[in-house]
Amino acid sequence: MTQNGAGNLHKPLGLLAELTHRCPLGCPYCSNPLALEPRAHELDTATWARVFREAASLGVLQVHLSGGEPGARRDLVEITTAARDAGLYTNLITSAVGITNKTLAALADAGLDHVQISIQDSEEKSADHIAGYEGAYAKKRSLAAEVVRLKMPLTVNAVIHRANIERISELVDLALALGASRVEIAHAQYYGWALKNRATLMPTREQVQQAANVVEDLRRRLHGKIVIDAVIPDYYARFPKPCVGGWGHRSLNVAPDGLVLPCHAAQSIPGLEFWSVREHSLTDIWENSPAFNAFRGTAWMQEPCASCPRRDEDFGGCRCQAYALTGDAAATDPVCHLSPNHARVETLAAERDTAPYDYRRM
Ligand code: SF4
Ligand code: SF4
């Protein structure tokens with residue numbers, strides 16, 4: 001077993017299966033890469049079924065069926081059945097646009113365990129504008145009602161940015177009204193499309209502080225009624241988040257074309273060698289692929305991370321963000337206030353403009 005200063009190699013617990021990059025929506029903060037994979041490059045049903053079996057034997061417990069919009073796959077029910085047959089807990093991450101009630105019922109029959117629906121705003125006009133798709137909001141409400149009617153657990157995911165940060169309370173009320181048991185207040189992460197749209201999406205420090213107060217108040221008020229997940233947005237935090245729970249530590253990501261990535265944005269780092277499930281088993285990739293071993297453990301770290309007591313907690317932050325903001329993927333994530341490049345984050349957080357969204361399109 002090859003390790004790169006990783007000590008005992010952990011087994012992954014979660015697999016993000018990006019079934020496709022196709023999506024009818026155009027969210028300007030989409031975490032998909034700027035270079036989207038066309039349909040012709042997507043893995044077929046049988047290969048996904050093999051990947052799920054290999055994932056289960058590697059120790060993975062849950063699979064997130066994601067995209068793009070997974071509903072764009074005509075074989076979504078077969079793929080879900082294969083994941084359940086492999087013994088995995090299945091979570092469908094959907095925009096709700098492209099999943100009919102009939103498909104949802106078939107997914108429920110296939111044993112789908114959980115559904116997560118993204119909602120762009122609590123106000124219909126704004127929600128459709130952010131999604132770049134007229135009618136998206138109505139479809140989301142309708143599918144959410146159907147999920148609850150079928151007695152499947154529902155999470156609402158709301159990506160937060162300058163256009164909706166002042167309606168967090170209304171978004172949580174909406175999630176409650178839809179029957180969700182959990183709501184994720186997910187501040188935009190500035191990679192991929194969000195990096196492209198950063199100055200348009202970035203809230204002010206005051207808005208972020210106010211949002212944190214609102215969330216605290218909601219948590220007190222709605223305790224026992226709905227679980228509210230929220231984290232401080234990167235650019236205003238003192239310490240970085242433990243990105244993907246540590247590089248090659250707890251999770252892996254299979255892209256639509258079969259490349260296996262330590263995180264969804266890893267292809268933004270040049271020079272990394274990714275292996276594909278078309279040529280290697282998932283175990284071989286997890287243990288031996290150069291990309292997974294590039295930033296495992298702590299041996300690759302520079303100062304101040306290398307001697308920092310938090311290095312096993314946050315793993316030096318996000319490698320993709322370090323690369324995007326400093327040009328060095330092994331640098332301390334500049335979000336950390338101890339990073340010598342932290343001033344750059346403060347400058348970027350202060351940059352705002354009112355340019356129209358650069359929508360995510362194929
Ligand atoms: S973030 Fe928006 S554009 Fe990207 S996959 Fe999800 S729904 Fe589609
Ligand atoms: S210096 Fe590195 S390890 Fe320490 S808190 Fe900052 S990012 Fe984390």
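So, G327: this glycine comes right after helix α13, and its phi is positive, near 80°. Keep in mind that we're looking at a predicted model.

Now back up into the helix itself. Is α13 mostly covered or mostly open? Mostly covered. α13 runs over residues 319-326, and six of its eight residues are buried. If you want to click on them, the buried ones are R319, C320, Q321, A322, Y323 and L325. And what sits over them? Part of the cover is α14, residues 342-350.

Okay, next, a helix pair. When two helices pack, people describe them by the angle between their axes and the distance between the axes. Here the pair is α2, residues 76-85, and α3, residues 101-109. Their angle is about 15°, and the axes are 9 Å apart. An angle under 35 degrees counts as roughly parallel, so that's what we call α2 and α3. The crossing of α2 past α3 is right-handed.

Which residues make that contact? On the α2 side you've got L76, V77 and T80, and α3 brings T103, A106 and L107. Sort the contact residues by type and you get four nonpolar, two polar and no charged.

Last stop, ligand 1. Going around it, you meet C23, L25, G26, C27, C30 and N32, then G67, G68 and E69, and finally S95, S118 and R360. How does that shell divide by type? Four nonpolar, six polar and two charged. So much for the ligand; let's pull it up on the screen.

Key
Residues are numbered from 1 along each chain as its sequence is written. Chains are lettered from A and ligands numbered from 1 in the order in which they are written. This is a predicted model: local features need pLDDT of at least 70, side-chain atom pairs count only at pLDDT 80 or more; totals for chains, interfaces and linings use all residues. A residue is near a molecule or strand if its C-beta atom, placed from the backbone, lies within 6 Å of it. Ala, Val, Leu, Ile, Met, Phe, Trp, Tyr, Cys and Pro count as nonpolar, Asp, Glu, Lys and Arg as charged, and the others, Gly among them, as polar. Axes are lines fitted to C-alpha atoms, for helices over the stretch in contact, and angles run from 0 to 180 degrees between N-to-C directions. Helices (H or I, at least four residues) and strands (E, at least two) are DSSP runs, numbered from the N terminus. Angles under 35 degrees count as roughly parallel, over 145 as roughly antiparallel, 65 to 115 as roughly perpendicular and the rest as oblique. A crossing is left-handed if the near helix is turned anticlockwise from the far one by less than a right angle, and right-handed if clockwise. Two residues are in contact if their C-beta atoms, placed from the backbone, lie within 7 Å. A residue is buried if 20 or more other C-beta atoms lie within 10 Å of its own, exposed if 12 or fewer, and partly exposed in between; C-beta atoms are placed from the backbone.
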